[in-house]
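Here are a few exercises to work through with the model open in your viewer. Try each task before you read its solution.

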Amino acid sequence: MMSTAKSAAATAPSDEGEGGASPSVKQRQVMAAASELFMDQGFAGTSMDAVARKAGVSKATVYAHFASKEDLFEAMVAQGSVERFASLMTADLDTLGVEAALSTVAHEFMGVLTSPQSLKTLRLVMAEAGRRPDLAARFYRAGPAKVMAALTAYLERARARGDLDIEDPRIAAELFFGMIRGDLHIRRMLGLADQLQRTDISRLADTAVAVFLKAHRPAQA
């Protein structure tokens, strides 16, 4: 069953008069306020009343778009995934060569791994996961699962075009992101990689792409 938040996001017209998945200005306003409060006060410490005050809207407006705090959090994570993985979430990726496409995805993923906002969100979820496994499930469904599904779908299309020789696109997607995440992820979570140089980040992403292509380029290529 689609959640109320997803239904609102899918049916509410944007402020430019367009219907579709893009959140309206009001929805973005509420999600932005919620994000700040979640980061500062934690999930449990944030109320819908506080979100309404922070966003400068009525509580009724908040509930008109999001049926619960959990729905609001899930919608916030989903929108963050769309914004941070803009190339992967659109068909534009297919207009690029496979190396350029994978490089784009790798650099977007590195951007997420090194983003303070993403790190804070993950820490928030991990802090709540023991008490609120439902929140962890919502986070995974709205964020990592969507991104993984999008990369899997791209790899399937690349295989169909003959650009890649892949037996299982889902496993290949997991390994691709795993190479990029590597040791960096745990170091970021522990606060041990806060001063990464941009050149180091680019080198990690480019190396992952090179290794992946070496394993999966068709023989004739």
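**Exercise 1**

In which helix is Ala 172 found? Then work out how well covered this residue is and what surrounds it.

Solution. Bear in mind that you're looking at a predicted model.
- Step 1: Find the residue along the chain; Ala 172 sits in helix H10.
- Step 2: Check its accessibility. The cut-off for buried is under 20% relative accessible area, and Ala 172 comes in at 4%, so it counts as buried.
- Step 3: List its partners. Skipping neighbours within four places in sequence, Ala 172 has contacts with Leu 155, Ile 166, Phe 212 and His 216.
- Step 4: Take one of these partners, Leu 155, and compare the two kinds of spacing. Ala 172 and Leu 155 are 17 residues apart in sequence, and their C-alpha atoms are 8.1 Å apart in space.

**Exercise 2**

Zoom out and describe the fold: how many helices and how many strands does the protein have?

Solution.
- Step 1: Count the elements. You should get eleven helices and zero strands, so the pattern along the sequence is written α-α-α-α-α-α-α-α-α-α-α.
- Step 2: Look at burial. Of the 221 residues in the protein, 43% are buried.
- Step 3: Look at the contacts. Take those between residues at least 6 apart in sequence; 68% of them join residues at least 24 apart.
- Step 4: Turn to the surface. About 11,400 Å² is exposed, and carbon and sulfur atoms supply 55% of that area.

**Exercise 3**

Track down the largest pocket: what is its volume, and which residues are closest to its centre?

Solution.
- Step 1: Get the volume, which is about 780 Å³ for the largest pocket.
- Step 2: Go to the middle. The lining has 34 residues, and those closest to the centre are Ser 81, Arg 84, Val 112, Ser 118 and Phe 139.
- Step 3: See which elements contribute. Helices giving two or more residues to the lining include H2 (25-41), H5 (69-84), H6 (98-113) and H10 (169-189).
- Step 4: Sort the lining by class. You'll find 17 nonpolar, ten polar and seven charged residues.

**Exercise 4**

How many salt bridges does a search of the whole structure find? Pick out some of them and say which parts they tie together.

Solution.
- Step 1: Run the search, which turns up 16 salt bridges.
- Step 2: Start with Glu 36 and Lys 54, whose closest N and O atoms are 3.2 Å apart. Glu 36 belongs to helix H2 and Lys 54 to helix H3 (residues 48-55), so this bridge ties together parts 18 residues apart in sequence. Glu 36 is partly exposed at 42% relative accessibility, and Lys 54 is partly exposed at 44%.
- Step 3: Move on to Asp 94 and Arg 161, bridged at 2.8 Å, N to O. Asp 94 is in the loop between H5 and H6 while Arg 161 is in helix H9, so the parts tied together are 67 residues apart in sequence.
- Step 4: Now try Arg 217 and Glu 99, which meet at 3.4 Å, N to O. Arg 217 lies in the segment after helix H11 (198-216) and Glu 99 in helix H6, so this pair ties together parts 118 residues apart in sequence.
- Step 5: Finish with a network. Salt bridges link Asp 71, Glu 74, Arg 138 and Arg 141.

How values were computed
Residues numbered from 1 in each chain as written. Predicted model: local features only at pLDDT ≥ 70, side-chain atom pairs only at ≥ 80, totals over all residues. Heavy atoms only, no water. Helix = DSSP H or I, 4+ residues; strand = E, 2+ residues; numbered from the N terminus. Buried < 20%, exposed > 50% of the residue type's maximum accessible area, 1.4 Å probe, protein only. Contact = heavy atoms within 4.5 Å. Areas by Shrake-Rupley, 256 points an atom, 1.4 Å probe, with all protein chains shown as cover. 1 Å grid on protein atoms, 1.4 Å probe; cavity = no way out; pocket = protein on both sides within 12 Å on 5 of 7 lines; lining within 4 Å. Points joined across faces, edges and corners; volume = space filled by probe spheres on them. Nonpolar A, V, L, I, M, F, W, Y, C, P; charged D, E, K, R; others polar. Salt bridge = Lys/Arg side-chain N within 4 Å of Asp/Glu carboxyl O.
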